[in-house]
Amino acid sequence: MSPDHPPGLDLDRLRGLLDRERPGLVTGPLSGRLIEGGRSNLTYAVSDGTARWVVRRPPLGHVLATAHDMRREHRVISALHPTNVPVPRPVLLCEDEEVIGSPFYVMEFVEGTPYRTAEQLAPLGPERTRAAVLNLADTLVELHAVDPAEVGLADFGRPEGFLDRQLRRWAKQLDASRNRDLAGIDELHSTLGRQLPRSPAPTVVHGDYRLDNALIGGEHDEIRAVLDWEMSTLGDPLTDLGLLVMYSSPLGMPDSPVSTTAQAPGHPAPAELIERYAARSGRDVSAVAWYTAFAWFKLAVILEGIHYRYTLGQTVGRGFDRIGDLVPVFIEHGLTTLQEG
């Protein structure tokens with residue numbers, strides 16, 4: 001991959017747009033690289049030799065516009081940037097597909113590390129790991145404290161009936177990738193439907209809140225920026241907490257191709273994260289088991305979709321052959337979470 005021609009990003013056209021829309025911002029020839037690790041939208045680091053920025057665009061090829069809405073991502077970080085929620089400073093939104101072949105937006109480059117595995121966290125040591133994960137929980141409290149109307153996001157979603165719609169959406173996703181029997185998944189879905197909790201007042205929700213969607217850095221391992229807002233909306237804030245709890249729970253499956261960070265020395269236990277969120281947000285978290293079980297269900301459906309594409313020969317890379325074995329593990333965790341409350 002050439003730094004002058006990263007796939008999906010025409011740097012000459014980008015430079016021309018920035019010179020027109022943000023005169024003086026760029027002071028030299030642009031180079032760029034694709035940042036690995038993105039699961040959906042493509043992310044590039046771009047530099048003029050002095051300053052750095054990040055460009056986000058949809059995947060290459062045919063995509064559903066609603067699933068890769070650049071305006072939506074740009075809108076939410078623009079709204080949240082003046083608040084206590086750490087997000088990159090937005091620079092520019094371009095909806096003209098003639099520039100690079102799709103809508104895209106530019107934001108500031110934030111220094112920091114996205115920790116994806118317990119092994120990556122281990123060099124921090126127990127104390128720093130504990131502080132970083134607690135900072136993540138505290139940042140979630142800050143996000144859910146933002147009044148959507150005050151930051152121009154009153155119409156950012158449809159919170160009425162949010163949980164019911166989420167359950168139906170993921171059941172539909174499951175049906176679209178069914179090609180084998182999955183013991184317990186229908187029971188998990190139907191039990192979630194019967195035990196639907198009453199949602200608290202709606203907030204901005206991230207939709208995929210976990211440690212590797214945040215950049216950590218600085219002297220106190222603070223959250224420098226929360227990233228990947230493509231699933232954000234207005235809805236039930238406890239869905240974010242359920243995801244955080246799920247990603248902080250041990251899978252009990254060594255060498256899994258999908259891992260949580262729970263086994264890192266010093267990582268706070270789920271119960272501590274729940275207690276900290278409850279104490280700092282003032283929200284009733286008595287139904288957190290439902291939200292955590294829903295997170296297990298949602299990830300089981302996502303993984304089954306990946307496994308289904310693997311069986312059709314539509315995936316490229318390592319580890320996809322083992323994704324299918326994970327799905328029953330996620331289903332079992334979901335059922336156990338509901339049973340134990």
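## Helices, sheet and aromatic cluster in a predicted model

Helix α9 is mostly covered, with 19 of its 24 residues buried, where buried means under 20% relative accessible area, exposed over 50% and partly exposed in between (1.4 Å probe, protein chains only). This is a predicted model, in which local features need pLDDT of at least 70 and side-chain atom pairs count only at pLDDT 80 or more, while totals for chains, interfaces and linings use all residues. Residues are numbered from 1 along each chain as its sequence is written, and side-chain values use heavy atoms, with hydrogens and water left out.

Helices (H or I, at least four residues) and strands (E, at least two) are DSSP runs numbered from the N terminus. The expected span of a helix is 1.5 Å times one less than its number of residues, and the table sets this value beside the distance between the end C-alpha atoms for two helices.

| Helix | Residues | Number of residues | End-to-end C-alpha distance | Expected span |
|---|---|---|---|---|
| α8 | 270-281 | 12 residues | 16 Å | 16 Å |
| α9 | 288-311 | 24 residues | 35 Å | 34 Å |

In α8, the residues Leu273, Ile274, Tyr277 and Ala278 are buried. Seen down the axis of α8, the buried residues fall within an arc of 130°, so they line one face of the helix; the arc is that of the directions from the helix axis to the C-beta atoms. The face of α8 turned away from this buried side carries the exposed residues Ala271, Glu275 and Ala279. The buried residues of α8 pack against α4 (125-145), α7 (238-247) and α9, contact being defined as heavy atoms within 4.5 Å. Glycine 282, just after α8, takes a positive phi of about 80°, and α9 is followed by glycine 313, whose phi is also positive, near 75°.

Within α9 there is an aromatic cluster formed by Trp290, Tyr291 and Phe294. Rings of Phe, Tyr and Trp (its six-membered ring) pair if their centres lie within 6.5 Å, with planes under 30 degrees apart counted as stacked, over 60 as edge-to-face and the rest as tilted. By this rule the count comes to three aromatic pairs. The ring centres of tryptophan 290 and tyrosine 291 are 5.2 Å apart and their planes stand at 80°, so this pair is edge-to-face. Tryptophan 290 and phenylalanine 294, by contrast, form a stacked pair, at 5.6 Å centre to centre and with 15° between the planes. Because tryptophan 290 and phenylalanine 294 are four residues apart in helix α9, about one helical turn separates them. Both tryptophan 290 and tyrosine 291 are buried, and phenylalanine 294 is buried too.

Elsewhere, five strands form an open antiparallel sheet in the order β1-β2-β3-β5-β4, two strands being paired if DSSP finds at least two bridges between them. The edge strands, each pairing on one side only, are β1 (31-34) and β4 (90-94). From one strand to the next, the twist averages 20°. Four bridges join β1 to the antiparallel strand β2 (residues 42-47), and in β2 tyrosine 44 is the bridge partner of leucine 34. Helix α1 (residues 11-21) lies across β1, β2, β3 (52-57), β4 and β5 (104-108), running at about 110° to β4. Axes are lines fitted to C-alpha atoms, for helices over the stretch in contact, and angles run from 0 to 180 degrees between N-to-C directions.
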